[in-house]
Amino acid sequence: GVEDNDDKYLLVRHSNVLKIGSMVECLNSKWIISAQERLTDKGHLSYRLKRCNATLNFINKLGIKVTQDCYAYNKLFYTEGIDKYTSITMPDGLMQVIVPDTEDTRAITRNVRLTLGGQAFICTYVDTITQSGVIH
């Protein structure tokens with residue numbers, strides 16, 4: 001079966017309209033394209049996919065509730081301490097969330113309240129620079 005932490009790869013022709021941050025439905029799941037891989041094959045593009053394992057709810061700039069599928073993962077490694085790139089503080093640790101970079105998700109800024117997995121959080125960090133097309 002497909003494990004939540006399994007990255008999958010998608011090979012498409014150059015003419016395809018997919019890009020980093022695109023959402024794809026496959027294998028009865030929603031996936032987010034998280035990165036583009038380098039290929040020696042000049043006729044195709046290869047993308048890394050992460051299976052959406054959570055739903056993020058927040059209010060956009062127009063005051064409308066938005067529900068966005070996302071990939072969420074624990075970033076607290078007790079042997080390493082607290083990672084400086086964490087996005088959401090949780091009661092038992094720190095989580096990072098990957099969402100597509102859209103007009104709605106750009107409303108997620110520091111100190112914005114949101115829900116993830118039915119729990120309320122305050123966003124503590126937003127990374128829109130590291131990977132174009134997605135927000136960490």
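The following questions and answers walk through a predicted model of a protein structure, strand by strand and contact by contact.

User: What kind of model is this, and how are its residues numbered?
Analyst: This is a predicted model, in which local features need pLDDT of at least 70 and side-chain atom pairs count only at pLDDT 80 or more, while totals for chains, interfaces and linings use all residues. Side-chain values use heavy atoms, with hydrogens and water left out, and residues are numbered along each chain as its sequence is written, from 1.

User: In what order do the four strands of the open sheet lie?
Analyst: Strands here are DSSP runs of E with at least two residues, numbered from the N terminus, and two strands pair if DSSP finds at least two bridges between them. Strands of a sheet pair through backbone hydrogen bonds, either parallel or antiparallel. In this open sheet the pairing is antiparallel, and the edge strands, each pairing on one side only, are β1 (7-13) and β2 (23-26). The order is β1-β4-β3-β2.

User: What is the average twist from one strand to the next?
Analyst: The angle is taken between axes, which are lines fitted to C-alpha atoms, and such angles run from 0 to 180 degrees between N-to-C directions. From one strand to the next, the twist averages 45°.

User: Which residue in β4 is the bridge partner of Ala35?
Analyst: Strand β3 (residues 29-37) and strand β4 (residues 44-51) run antiparallel and are joined by six bridges. In β4, the residue that partners Ala35 is Arg48.

User: Which residue in β3 stands opposite Glu25?
Analyst: β2 and β3 run antiparallel, with four bridges joining them. They form a hairpin with two residues between them, and in its turn Leu27 has a positive phi of about 55°. Opposite Glu25, in β3, stands Lys30.

User: How far apart in sequence are the parts that Asp7 and Lys50 tie together?
Analyst: A salt bridge is a side-chain nitrogen of Lys or Arg within 4 Å of a carboxyl oxygen of Asp or Glu, and the side chains of Asp7 and Lys50 meet in one at 2.8 Å, N to O. Asp7 lies in strand β1 and Lys50 in strand β4, so the parts that the pair ties together are apart in sequence by 43 residues.

User: Is Lys50 buried or exposed?
Analyst: Buried means under 20% relative accessible area, exposed means over 50%, and partly exposed lies in between, with a 1.4 Å probe and protein chains only. Asp7 is partly exposed at 25%. Lys50 has a relative accessibility of 14%, and therefore counts as buried.

User: Which residues are linked with Asp7 in a network of salt bridges?
Analyst: The structure holds five salt bridges, including one in which the side chains of Glu37 and Arg48 meet at 2.6 Å, N to O. Glu37 lies in strand β3 and Arg48 in strand β4, so this pair ties together parts that are 11 residues apart in sequence. The residues linked with Asp7 in the network are Glu37, Arg48 and Lys50.

User: In which strand does the salt-bridge partner of Lys30 lie?
Analyst: The side chains of Lys30 and Asp69 meet in a salt bridge at 3.0 Å, N to O. The pair links distant parts of the chain, 39 residues apart, with Lys30 in strand β3 and Asp69 in strand β6. Lys30 counts as partly exposed at 38% relative accessibility, and its partner Asp69 lies in β6.

User: Which residues touch the most other members of the largest nonpolar core?
Analyst: A nonpolar core is a set of buried Ala, Val, Leu, Ile, Met, Phe, Trp, Tyr and Cys residues joined through side-chain atoms within 4.5 Å. The largest one has 15 residues, and β5 (54-59), β6 (65-74), β8 (93-100) and β9 (113-116) each supply at least two of them. The residues that touch the most other members are Leu56, Cys70, Val97, Leu114 and Leu116.

User: How many disulfides does a search of the whole structure find?
Analyst: A disulfide is a pair of cysteine sulfur atoms within 2.5 Å. Cys26 counts as partly exposed at 41% relative accessibility, whereas Cys123 is buried at 3%. Across the whole structure, the number of disulfides found is zero.
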